[in-house]
Amino acid sequence: MKKTALLLAATLLCQISRAEITTPPQDQKVLNMGDAQLGVVLGANPNPPETRAVELLAERMKERSSISIAGPDAKAAFRLIVGTRASNEKIAAFADANPEVAPRAEDAYLLDVNPAKGEIHVVGQSDSGVVAGIGRLMREMRYQPGRVEVPALRLAETPQMPNRGMYLWARKYYFNEPEKVDRYIEEFALWGGNALCFWFEMGMFENFEDTTGEKSELNSGYARQYKLDKSHAKDWVAMYQRFYATARRMGMKTGLLMVANDAYMSSPKDLRIKPIIGCPEWYMCPSKPDAVQKMVAWQEQVFKALAPLDIFNIFPADPGGCACDECKPWPTRGFWNVARPLAERIHEISPKTEIWIDTWHLNHPTFGGKDWKNLVDSLDWSKERPEWFAGFEVALAPNHGYARMSAEERDYYNKAKQPLMVFPDISMWGNHPGMLVNKAYWKTLQDELNSYDAELMKGGWPYAERWNTDIASVMFLSWFSNPKKSVDAVLDEYAAFYFGPEAATARQLLELLDDSNKDPQRKEKIRETKAKLEASLPEWVKRDWRWEEIVESCKFKTR
């Protein structure tokens with residue numbers, strides 16, 4: 001009987017883990033805090049993500065309401081108790097007393113606000129769960145001058161997908177403010193993101209040890225296009241190490257994307273490919289003698305410099321690829337001739353690193369059209385499935401001519417019954433000025449995401465290359481936790497968090513800035529709504545860079 005009850009409780013937990021519980025636990029509905037009235041209770045040896053998340057909460061309260069958290073020895077009126085079962089005895093006792101909602105699955109959290117007792121509990125199953133719980137508390141708070149209010153509530157959430165990542169495209173015009181990038185990474189974690197990925201692009205450098213930073217004749221136009229003024233590999237390694245440290249401090253995983261046949265600008269000319277779509281000429285042909293060994297050695301060098309890494313993605317094309325007779329069809333010959341020994345070497349160096357095979361752009365006729373199906377077959381339905389193979393990363397790009405997947409093609413992956421992640425194309429839409437909002441497209445992306453088998457889908461890396469993709473990034477992080485959450489629900493939460501008391505007007509403006517909005521009076525309405533919003537916004541909203549992006553959007557939309 002006892003075993004049956006436990007199984008029933010576990011079943012109920014699974015049922016509620018994909019949704020949120022909202023049950024105010026007492027009659028008093030609001031916890032109203034002033035300066036130094038909230039004390040924080042961490043465990044005896046708190047984990048770094050717990051400490052940093054609380055620091056960010058304190059900064060947010062100070063920035064928005066000018067109130068401070070009570071000192072460690074103060075007798076505060078209210079208590080915020082934070083941690084996991086392992087890190088905080090008081091959290092363990094609370095979880096034991098509330099077994100019906102205590103989070104047990106990966107990265108789950110429980111947020112409980114009890115005004116009658118003057119207590120807030122943030123219970124995480126993991127460091128990432130604690131951070132996401134603190135982030136949710138920040139978004140539930142209502143900030144006023146001199147006070148912060150939190151409604152009585154109990155929210156429990158378990159992310160459906162274990163890899164809720166973000167891929168930041170490394171460019172100097174994006175990374176020239178490292179402190180801003182650090183904070184941006186922390187914001188991802190507060191929204192439930194638990195992984196950070198970069199591409200180490202060899203083509204930006206002469207070689208790994210380059211100390212001159214001089215550009216070859218091959219890269220002059222490329223350097224101008226991406227504002228790569230005298231890049232040094234060692235500088236980018238140091239930058240990545242910094243950002244990975246920021247991610248780990250927030251309980252996040254780290255990932256590295258490498259293009260299979262990428263190469264430095266100084267690659268031997270006799271080993272290079274013939275120029276093809278989306279691929280610089282200094283990339284190397286896997287069919288040339290010694291080329292594969294050189295590519296594996298170079299990527300091993302990068303991996304070791306950035307280790308430890310949790311996830312390693314091997315990318316096939318755009319850029320990447322070769323169309324010579326010996327490499328055709330690319331997915332199962334040239335690409336696989338690099339990917340297999342590369343994956344084996346990375347697995348040998350770091351057996352715990354997940355290795356994913358990407359299939360982006362493999363629908364292009366240059367790469368064999370549909371030969372990617374043979375790649376899927378060879379890895380998925382064979383009895384000789386490699387030990388290192390974690391799964392396929394598939395494109396989520398309905399508007400991309402050679403990366404999009406039809407319903408039939410998505411079903412092909414479902415039938416393969418292997419783990420999947422998605423690589424969404426969300427930012428390269430005509431260099432969109434200002435904050436990117438496109439509800440119709442986002443709904444299409446969500447429908448496509450949800451067309452994959454939920455048991456197979458493990459998350460992914462939304463692609464962000466500029467600040468203006470912030471809402472799209474939040475959209476995906478929210479969906480990776482709860483793929484049924486609506487576009488409008490995410491926008492509501494976004495507006496409430498970043499616009500405070502003016503959230504309703506901000507939502508009206510976001511609706512007007514939506515690229516799919518066809519209102520004939522749209523321009524005038526944007527001007528009126530922006531003026532109304534600007535006249536009443538708290539100063540902390542205007543100091544946020546997101547406001548600058550929205551202002552830029554308004555200018556662009558009202559030309």
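This is a short walk through a predicted model, with a suggestion at each stop for what to select next.

**Stop 1: a small group of strands**

Start by selecting residues 30–33, 142–144 and 147–151, which are strands S1, S6 and S7. Together they form an open sheet of three strands, ordered S1-S7-S6 and paired in the antiparallel sense. S1 and S6 are the edge strands; each has a single partner, so one side of each is left without a neighbour in the sheet. On average, neighbouring strands here are turned by 20° against each other, direction ignored.

Now zoom in on S6 and S7, whose antiparallel pairing runs over three bridges. Which residue stands opposite Arg142? Look across to S7 and you will find Glu149 there.

**Stop 2: the helix across the sheet**

Keep the strands on screen and add residues 48–65, helix H2. H2 lies across S1, S6 and S7, and its direction makes an angle of about 45° with S6.

**Stop 3: Lys439 and its surroundings**

Next, select residues 439–450, which make up helix H13, and pick out Lys439. Is this lysine buried or exposed? Lys439 is buried, because its relative accessible area is 10%, and the cut-off for buried is under 20%. Leaving aside residues up to four places away in sequence, Lys439 touches Val487, Asp488, Leu491, Glu511, Asp514 and Ser516.

Some of those contacts lead to the next helix, so to speak: show residues 487–499, helix H15. Here Lys439, Trp442, Lys443 and Gln446 of H13 meet Val487, Asp488 and Leu491 of H15. An α-helix has 3.6 residues a turn, so residues three or four places apart point the same way. The axes of H13 and H15 come within 10 Å and cross at roughly 120°; the two helices are therefore oblique to each other.

**Stop 4: helix H19 and its cover**

Finally, select residues 545–557, helix H19. Its 13 residues reach 19 Å from the first C-alpha to the last, close to the 18 Å expected at 1.5 Å a residue.

At the start of H19, display the side chain of Asp544: one of its oxygens reaches to within 2.9 Å of the backbone nitrogen of Arg546.

Then colour the buried residues of H19, which are Trp545, Arg546, Trp547, Glu549, Ile550, Val551, Ser553, Cys554 and Lys557. What covers them? Turn on helices H6 (178–190), H14 (470–481), H15 (487–499), H16 (503–513), H17 (522–536) and H18 (539–543), which are among the elements that do. H15, met at the previous stop beside H13, is included in this cover.

Conventions. Residues are numbered from 1 along each chain as its sequence is written. This is a predicted model: local features need pLDDT of at least 70, side-chain atom pairs count only at pLDDT 80 or more; totals for chains, interfaces and linings use all residues. Side-chain values use heavy atoms; hydrogens and water are left out. Two strands pair if DSSP finds at least two bridges between them. Helices (H or I, at least four residues) and strands (E, at least two) are DSSP runs, numbered from the N terminus. Axes are lines fitted to C-alpha atoms, for helices over the stretch in contact, and angles run from 0 to 180 degrees between N-to-C directions. Contact means heavy atoms within 4.5 Å. Buried means under 20% relative accessible area, exposed over 50%, partly exposed in between (1.4 Å probe, protein chains only). The expected span of a helix is 1.5 Å times one less than its number of residues. A polar contact is a pair of N or O atoms within 3.5 Å; within protein, one must be able to donate a hydrogen and the other to accept it, and residues adjacent in sequence count only if both atoms are side-chain atoms. Angles under 35 degrees count as roughly parallel, over 145 as roughly antiparallel, 65 to 115 as roughly perpendicular and the rest as oblique.
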